[in-house]
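Trainee: Could we go through the labels attached to this model and ask what earns each one?
Mentor: Happily; let's set each value against its definition.

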Amino acid sequence: MEIKILKQDLSVCKVKDLSQVDYSDEIFFIGKTDEELSLVCSSEKVPDNAIECDNGWKAFRIQGVLDFSLIGILSKISSLLAENKIGIFAVSTYNTDYILTKESDFQKAVDVLSCNGYEIRQ
């Protein structure tokens with residue numbers, strides 16, 4: 001399975017509303033529940049109305065379109081990283097999964113996946 005490293009430095013934020021989100025950001029994720037409004041975005045594009053923000057995240061994605069019938073892809077990756085004491089923040093889209101780790105753990109995460117048969121692309 002192929003893993004693509006994303007170049008952006010990312011931040012995970014809780015925002016007041018979406019009025020200041022920069023929709024031109026190359027990659028961003030919005031999550032809304034009855035309790036919160038979350039945003040993952042490039043660190044340089046964190047909106048001024050962020051209530052809380054955690055900087056210092058890097059990400060990679062599982063390359064290609066994953067069929068919904070495929071089982072255990074995210075579970076396998078998260079288990080490998082957990083066994084190596086690497087925490088993750090995962091985001092799934094219609095096509096694939098994105099895995100974020102803290103920047104301090106990112107190279108270790110890439111090395112763990114590479115040693116376990118994942119092909120890493122820059």
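Mentor: We start with burial: a residue is buried under 20% relative accessible area, exposed over 50%, and partly exposed in between, using a 1.4 Å probe and protein chains only. Helices (H or I, at least four residues) and strands (E, at least two) are DSSP runs, numbered from the N terminus. Please keep in mind that this is a predicted model, in which local features need pLDDT of at least 70 and side-chain atom pairs count only at pLDDT 80 or more, while totals for chains, interfaces and linings use all residues. Residues are numbered from 1 along each chain as its sequence is written, and side-chain values use heavy atoms, with hydrogens and water left out.

Trainee: How do you know that the span of helix H2 agrees with its number of residues?
Mentor: The expected span is 1.5 Å times one less than the number of residues. For the 13 residues of H2 (residues 103–115) that gives 18 Å, and the end C-alpha atoms are 19 Å apart, which agrees.

Trainee: Which residues of H2 are buried, and what puts them on the same side?
Mentor: Phe106, Ala109, Val110, Val112 and Leu113 are the buried ones. The arc they cover, taken from the directions from the helix axis to the C-beta atoms, is only 165 degrees, which puts them on the same side of H2. Ser104 and Cys115 are exposed on the other side of that helix.

Trainee: What covers the buried residues of H2?
Mentor: Contact means heavy atoms within 4.5 Å. The cover includes strand E1 (2–5), strand E5 (50–62), helix H1 (73–83), strand E7 (97–102) and strand E8 (119–121). Just after H2, Gly117 has a positive phi of about 95 degrees.

Trainee: Which residues of H1 are buried, and what do they pack against?
Mentor: In H1 the buried residues are Ile73, Ile77, Leu80 and Leu81. Their arc around the axis is only 95 degrees, which puts them on the same side of H1. They pack against E1, E5, E7 and H2. Lys85, just after H1, takes a positive phi of about 60 degrees.

Trainee: Why is the contact of Asp9 and Lys58 called a salt bridge?
Mentor: The term asks for a side-chain nitrogen of Lys or Arg within 4 Å of a carboxyl oxygen of Asp or Glu. Asp9 and Lys58 meet at 3.2 Å, N to O, so the pair qualifies. Asp9 lies in the loop between E1 and strand E2 (10–15) and Lys58 in strand E5, so the salt bridge ties together parts 49 residues apart in sequence.

Trainee: What makes Asp9 partly exposed, and is Lys58 buried or exposed?
Mentor: Asp9 has 37% relative accessibility, which counts as partly exposed. Lys58 is at 13%, so it counts as buried.

Trainee: How many salt bridges does the whole structure hold?
Mentor: The search finds 5. One of them joins Lys14 and Glu52, whose closest N and O atoms are 3.6 Å apart. That pair links distant parts of the chain, with Lys14 in strand E2 and Glu52 in strand E5, 38 residues apart. Lys14, at 30%, is partly exposed, and Glu52, at 49%, is partly exposed too. Another salt bridge brings Asp22 and Lys45 together at 3.1 Å, N to O. Asp22 sits in the loop between E2 and strand E3 (29–32) and Lys45 in the loop between strand E4 (37–42) and E5, so this pair ties together parts 23 residues apart in sequence.

Trainee: How do you know that E5 and E7 pair?
Mentor: Two strands pair if DSSP finds at least two bridges between them. E5 and E7 run antiparallel and are joined by 5 bridges, so they pass. Ile99 in E7 is the bridge partner of Phe60. Strand E6 (residues 89–92) also runs antiparallel to E7, with 4 bridges, and a hairpin of 4 residues joins E6 to E7.

Trainee: What makes E7 mostly covered?
Mentor: Of its 6 residues, 5 are buried.

Trainee: Why is the pair of Tyr23 and Phe28 called edge-to-face?
Mentor: The structure holds 4 aromatic pairs. In one of them, Tyr23 and Phe28 are 5.6 Å apart centre to centre, with 75 degrees between the planes. Rings of Phe, Tyr and Trp (its six-membered ring) pair if their centres lie within 6.5 Å, and planes under 30 degrees apart count as stacked, over 60 as edge-to-face and the rest as tilted. Both values meet those cut-offs, so the pair is edge-to-face.
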